[in-house]
Amino acid sequence: MPGLLTGCGLFSDEDIVWQRTRLYVPWTAALDGKSLEGTVAELAAKGGGGTDPLAGLLRPDARLPVIVFLHGCSGDLAGIPEKFMKRGFIVAAPLSFARPDRPVSCGDIGPETIRWRQEEARWTIDRLSGLPWVDGHGIAVVGASEGGLAVARFADAPDAVAALVILGWTCTDRNNIDFDGLRVPAGKPVYAAIGDLDPAVSSGRTGGTCQRVLAGRAGSRSVTIRGLAHEVPGDDIFDEIAAFIGDARRAVP
């Protein structure tokens with residue numbers, strides 16, 4: 001049905017992705033004092049709907065920092081949005097597989113896949129712009145694995161982006177210029193974290209870390225986590241990332 005509706009022009013891919021974007025809201029912002037979680041469509045049905053899916057669900061004075069989270073190639077969110085929600089962020093996680101006929105990309109990632117992921121991030125940021133609960137000090141974009149690759153190559157990251165975070169990617173691909181290096185606009189701080197046991201670190205193709213491309217970049221940092229494979233880091237890293245995002249946002253006029 002979504003593909004048919006899109007083909008008929010009733011719903012765009014942007015509309016479909018937004019409706020299935022998952023929002024995570026801390027209890028401190030919720031009107032009833034309980035954390036909120038659900039897709040835009042689900043939350044809009046509970047609240048005021050329209051352009052603001054959280055209308056009527058939040059305290060009138062709620063203004064929170066927002067993260068746009070890009071999942072890995074499988075679509076698994078791996079509990080990462082909840083970690084940021086517990087640290088006071090509202091998280092918007094677009095589901096890349098909401099698009100009609102979206103192919104599975106694990107093991108077969110092409111440049112078009114990364115362009116789609118970046119497009120979905122821009123769509124989400126556009127939809128968030130102007131909503132009353134989004135504070136004015138910039139949005140952070142966090143990506144894990146394939147999502148981290150999309151963040152590293154986000155050359156046209158919108159002005160609203162104050163900080164970017166790369167998890168589980170090395171910023172390196174010796175066989176593919178489309179994936180090698182960092183293309184984030186100058187002046188936007190980047191935090192990268194990866195485990196020293198992650199297979200990408202020791203690979204002949206992707207081996208290394210983001211340290212080489214972040215060296216000398218103001219406000220940026222690359223962290224290698226001892227004993228971690230290709231998995232979600234511990235709470236100490238998320239505390240550090242939250243502080244990094246906070247510093248970056250405080251620098252926004």
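How many salt bridges does the count come to in this structure? In this model, which is predicted rather than determined by experiment, the count comes to 19 salt bridges, and a few of them are described below together with the two pockets that head the list by volume.

**Salt bridges**

The table gives three of these pairs, with the distance between the nitrogen and oxygen atoms.

| Pair | N to O distance |
|---|---|
| Arg127 and Asp15 | 2.6 Å |
| Arg99 and Glu119 | 2.7 Å |
| Arg221 and Glu240 | 2.7 Å |

Arg127 forms a salt bridge with Asp15, and this pair links distant parts of the chain, since Arg127 belongs to helix α5 (residues 111–128) and Asp15 to helix α2 (residues 13–19), 112 residues apart. Arg127 is partly exposed, with a relative accessible area of 26%, and Asp15 is also partly exposed, with a value of 25%.

Helix α5 also holds Glu119, whose partner Arg99 sits in the loop between β4 (90–93) and α5, 20 residues apart from it in the chain. Is Arg99 buried or exposed? Its relative accessibility is 8%, under the 20% limit, and therefore Arg99 counts as buried, whereas Glu119 is partly exposed at 26%. Both residues take part in a network of salt bridges that links Asp13, Arg99, Arg117, Glu119, Glu120 and Glu146.

In the pair of Arg221 and Glu240, whose side chains meet in a salt bridge, Arg221 lies in strand β8 (residues 221–225) and Glu240 in helix α9 (residues 235–250), so the contact ties together parts that are 19 residues apart in sequence. Arg221 is partly exposed, with a relative accessible area of 43%, and Glu240 counts as partly exposed at 26%.

**Pockets**

The largest pocket has a volume of about 390 Å³ and is lined by 18 residues, among which Ile109, Ser145, Leu149, Trp169 and Thr206 lie nearest its centre. Helices α6 (146–152) and α7 (199–202) each supply at least two residues of this lining, which by class has 8 nonpolar, 5 polar and 5 charged residues.

The second largest pocket, with a volume of about 300 Å³, is lined by 23 residues, and those nearest its centre are Ala78, Ala144, Ser145, His230 and Glu231. Strand β7 (residues 190–195) gives the most to this lining, with 3 residues, and the lining as a whole divides into 13 nonpolar, 7 polar and 3 charged residues. Ser145 is named among the residues nearest the centre for both pockets.

Notes:
Residues are numbered from 1 along each chain as its sequence is written. This is a predicted model: local features need pLDDT of at least 70, side-chain atom pairs count only at pLDDT 80 or more; totals for chains, interfaces and linings use all residues. Side-chain values use heavy atoms; hydrogens and water are left out. On a 1 Å grid over the protein atoms alone, a cavity is a set of points where a 1.4 Å probe fits but cannot get out, and a pocket is an open set with protein on both sides within 12 Å along at least five of seven lines; lining residues have an atom within 4 Å of a point. Grid points are joined across faces, edges and corners, and a volume is the space filled by probe spheres set on the points. Helices (H or I, at least four residues) and strands (E, at least two) are DSSP runs, numbered from the N terminus. Ala, Val, Leu, Ile, Met, Phe, Trp, Tyr, Cys and Pro count as nonpolar, Asp, Glu, Lys and Arg as charged, and the others, Gly among them, as polar. A salt bridge is a side-chain nitrogen of Lys or Arg within 4 Å of a carboxyl oxygen of Asp or Glu. Buried means under 20% relative accessible area, exposed over 50%, partly exposed in between (1.4 Å probe, protein chains only).
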